[in-house]
Amino acid sequence: MGEKVFVKVDLENEGHCQQLLQLLNLYMEDIMGNNKPMPINLGPRIIAGLKNHSSYLGFFVKYKSEFVALANCNYLFSTFAAKPLINIHDFIVNPAFRRKGIGKFLLDKIAEYALAEGCAKITLEVRDDNIKAKNLYKKVGFSSGNPSYLFWEKKLG
């Protein structure tokens, strides 16, 4: 376990910004992402947008000194619990480092962080056909809820 290190993203650190974009690009290239690389001019807009988004929270996992996983999150507020919550928007483990417990490590550390911050819960979205991700999420205690919840979207523009 000593090989894995939990690191909070620092958007003022240029190295962190580069690693965030590299991992996010891997996610976009994945079949469970867009299945194509990040558009050339999108990276700087992502970093600028995250820097201006006051509820952004991000975490890396470094494995043997290499950045291998990323969770882009946002603080939200649970009115039913009257406490903050953390929503995981992007969750990426570099494909070359999968099946090493890195995803579980990252989710466990986010849960520890959320608990320490007084959060009511952690939420995330997952594609219905992403069986591997769903199995990981179930393994660490996530469920579709009772009753089951669906994530819907309305694209604008």
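**Helix 3 and its surroundings in the predicted model**

The buried residues of helix 3 pack against strand 1 (4-8), strand 2 (56-63), strand 3 (66-78), strand 4 (83-93), strand 5 (122-124) and helix 4 (131-139). The model described here is a predicted one, and the residues through which helix 3 makes this packing are I102, G103, F105, L106, L107, I110, Y113 and A114, which are buried. Helix 3 covers residues 102-116, and its end C-alpha atoms are 21 Å apart, in agreement with the 21 Å that its 15 residues should span at 1.5 Å a residue. Helix 3 is followed by G118, a residue whose phi is positive, near 75°.

The protein chain as a whole contains four helices and five strands, and these elements follow one another from the N terminus in the order β-α-α-β-β-β-α-β-α. With a radius of gyration of 15 Å, close to the 15 Å given by the globule rule for 157 residues, the protein chain is as compact as a globular protein of that length. The C-alpha trace spans about 45 × 40 × 30 Å along its principal axes. Of the 157 residues, 38% count as buried, and, among contacts between residues at least 6 apart in sequence, 59% join residues that are at least 24 apart. The protein chain exposes about 10200 Å², of which 53% is supplied by carbon and sulfur atoms. As to charge, the protein chain carries 21 positive and 15 negative side chains, and the centres of these two sets lie 5 Å apart.

Helix 1 was examined in the manner of helix 3. The end C-alpha atoms of helix 1 are 23 Å apart, which agrees with the 22 Å that its 16 residues should span at 1.5 Å a residue. The buried residues of helix 1 are H16, C17, Q19, L20, L21, L23, L24, N25 and M28, and the elements that cover these residues include strand 1, helix 2, strand 2, strand 3 and strand 4. The loop between helix 1 (14-29) and helix 2 (42-51) contains D30, which counts as buried because its relative accessibility, 16%, falls under the 20% cut-off. When residues up to four places away in sequence are not counted, D30 touches N35 and R98.

Two strand residues illustrate contacts between parts of the chain that are separated in sequence. V5 is placed in strand 1 and, at 41% relative accessibility, counts as partly exposed. Beyond its neighbours within four places in sequence, V5 is in contact with F60, V61, K62 and F105; of these partners, F105 is listed among the buried residues of helix 3. V5 and F60 are 55 residues apart in sequence, and their C-alpha atoms are 8.1 Å apart in space. G58, by comparison, lies in strand 2 and counts as buried at 1% relative accessibility. Its contacts, again leaving aside neighbours within four places in sequence, are with V7, K8, V9 and A71. The C-alpha atoms of G58 and L11 are separated by 9.0 Å, although these residues are 47 apart along the chain.

Several backbone features were also noted. S65, in the loop between strand 2 and strand 3, has a phi near 70°, a positive value in a residue other than glycine, and S65 is exposed, with a relative accessible area of 62%. R99, in the loop between strand 4 and helix 3, likewise has a positive phi near 70° in a residue other than glycine, and R99 counts as exposed at 87% relative accessibility. The peptide bond from N146 to P147 is cis, with omega near 5°, and P147 is placed in the segment after helix 4.

Terms used:
Residues numbered from 1 in each chain as written. Predicted model: local features only at pLDDT ≥ 70, side-chain atom pairs only at ≥ 80, totals over all residues. Heavy atoms only, no water. Rg over C-alpha atoms; globule rule 2.2 N^0.38 Å. Buried < 20%, exposed > 50% of the residue type's maximum accessible area, 1.4 Å probe, protein only. Contact = heavy atoms within 4.5 Å. Areas by Shrake-Rupley, 256 points an atom, 1.4 Å probe, with all protein chains shown as cover. Lys, Arg positive; Asp, Glu negative; His and termini not counted. Charge placed at Lys NZ, Arg CZ, Asp CG, Glu CD. Expected span 1.5 Å × (residues − 1).
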